[in-house]
Amino acid sequence: MPTFIKKIQFQKLLAVAALIILYIFFAFAGTNFTSWPTTLNILGASYFVGFIAIGVTFVIITGGIDLSIGTVMMCSALVGGMLYRDYNLPLWLSLVCVVLVGTLFGLFNGILVTKLKLPPFIATLGTMMISMGLGSIITNTTSKYYPSILEEDGWFSRVFVRTEGNFPSGAVFLLGFFIIMAVVLNKTKVGRYIYAIGSNEEAVRLSGIKVHNWKCAAYVIAGLSAGLAGIFYSAMYMVIIPNTGNGIELQAIAAVVIGGTSLAGGVGSISGTIIGVFIMSVLRNGLISMGLPAPYQTFFTGVVVIGAVLLDIYRTKKANEVKKV
């Protein structure tokens with residue numbers, strides 16, 4: 001069995017074990033943590049983070065990073081809200097534009113990284129600022145509102161978050177997207193080349209493969225995912241505020257790392273990312289059930305991320321030692 005597959009399986013087992021231990025701990029330490037409303041909150045907090053985490057998994061596997069996904073998600077949602085409220089576009093068409101805006105930002109990132117040779121950190125940091133500023137400029141720094149259940153287009157929340165019977169419909173969409181992206185990553189040429197680029201980009205280039213195109217595709221997928229996340233964020237909260245979204249990308253990247261995707265590239269899986277997303281969501285809701293304020297949530301999330309990165313560094317070091325032997 002290849003070393004990178006062993007690394008993915010080992011990290012996934014650790015992530016699953018951590019998820020189970022966390023849930024059991026909060027079931028005893030928290031208040032009403034195992035109740036249905038808390039379960040809905042865990043799922044609800046996983047929707048938009050799950051989408052952007054799945055998308056950025058492709059980028060990180062190539063050895064890159066995307067710091068713009070949080071603000072791109074918000075900018076896309078602001079554009080959709082503006083088209084719906086200010087220009088009276090049909091809601092379905094506004095939602096298509098939300099996804100389109102996110103995809104275009106992903107393409108922009110891909111061009112910056114592959115054609116203009118900017119380091120991914122710098123390129124996506126710049127895009128993060130551009131998307132945050134653009135969202136404020138085009139909306140004149142005013143919040144945009146999506147329809148609630150009681151309005152004419154009340155189907156929006158029922159379809160993308162939960163039905164009138166309190167069924168978490170958003171979880172079905174996340175599951176469907178997970179399956180599609182898992183197939184893309186594991187069973188298609190796109191996934192094979194993305195893994196290869198992350199493992200040894202120069203070898204891929206020397207074999208005659210157009211590295212720029214496939215690396216750009218990873219950023220486009222991340223942008224598309226951010227656009228989809230914008231829809232679910234809008235359906236969940238209904239109010240989109242300009243100059244927000246900064247920090248959401250860290251939640252997604254943390255979930256990806258916790259799920260076993262290596263920041264060095266070449267190693268990762270969509271299933272591990274989903275596990276990481278739920279670990280983050282369970283941790284956040286579990287700390288709330290214990291009555292701890294937001295700063296504690298941020299603190300413990302940082303501790304978990306550092307631990308996951310240290311574990312990844314340790315595993316990579318051990319794998320390299322085995323290769324040398």
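**Group meeting talk: a cavity, a pocket and two cysteines**

Hi everyone, let me start on the inside: Thr-71, Met-74, Cys-75, Leu-78, Ser-131, Met-132, Gly-135, Ile-241, Pro-242, Asn-243 and Thr-244 line the largest cavity. Two elements each give two or more residues to that lining, helix H3 (69–85) and helix H5 (120–138). Before I go on, please keep in mind that this is a predicted model.

So which helix has the largest share of the cavity lining? That is H3, with four residues. As for chemistry, the lining of this cavity has six nonpolar residues, five polar ones and no charged ones. And the volume? The largest cavity comes to about 40 Å³. If you were hoping for a list of cavities, I have to disappoint you: searching the whole structure for cavities of 30 Å³ or more turns up one.

Now, Cys-75 was among the lining residues I read out, and that takes me to the cysteines. How many disulfides does a search of the whole structure find? The count is zero. Let's look at Cys-75: the nearest cysteine sulfur belongs to Cys-97 and is 12 Å away, and Cys-75 is in no disulfide. Seen from the other end, Cys-97 is in no disulfide either, with the sulfur of Cys-75 as its nearest cysteine sulfur, at 12 Å. For a pair to count, the two sulfurs would have to be within 2.5 Å.

Are these two cysteines buried or exposed? Cys-75 counts as buried because its relative accessibility is 1%, and the cut-off for buried is under 20%. Cys-97 has a relative accessibility of 18%, so Cys-97 counts as buried too.

Let me move on to the open space. The largest pocket holds about 340 Å³. Its lining is made of 18 residues, and the closest to the pocket centre are Ala-18, Ile-258, Ile-279, Val-304 and Ala-308. Where does the lining come from, in terms of elements that give two or more residues? Those are helix H1 (3–29), helix H12 (270–289) and helix H13 (294–324). H1 gives the largest share, seven residues.

The make-up of the pocket lining is 16 nonpolar residues, two polar and no charged. For the cavity, remember, the split was six nonpolar, five polar and no charged.

To leave you with a picture for when you turn the model around: look to H3 and H5 for the largest cavity, and to H1, H12 and H13 for the largest pocket. Thanks for listening, and I'm happy to take questions!

Definitions and conventions: Residues numbered from 1 in each chain as written. Predicted model: local features only at pLDDT ≥ 70, side-chain atom pairs only at ≥ 80, totals over all residues. Heavy atoms only, no water. Buried < 20%, exposed > 50% of the residue type's maximum accessible area, 1.4 Å probe, protein only. 1 Å grid on protein atoms, 1.4 Å probe; cavity = no way out; pocket = protein on both sides within 12 Å on 5 of 7 lines; lining within 4 Å. Points joined across faces, edges and corners; volume = space filled by probe spheres on them. Nonpolar A, V, L, I, M, F, W, Y, C, P; charged D, E, K, R; others polar.
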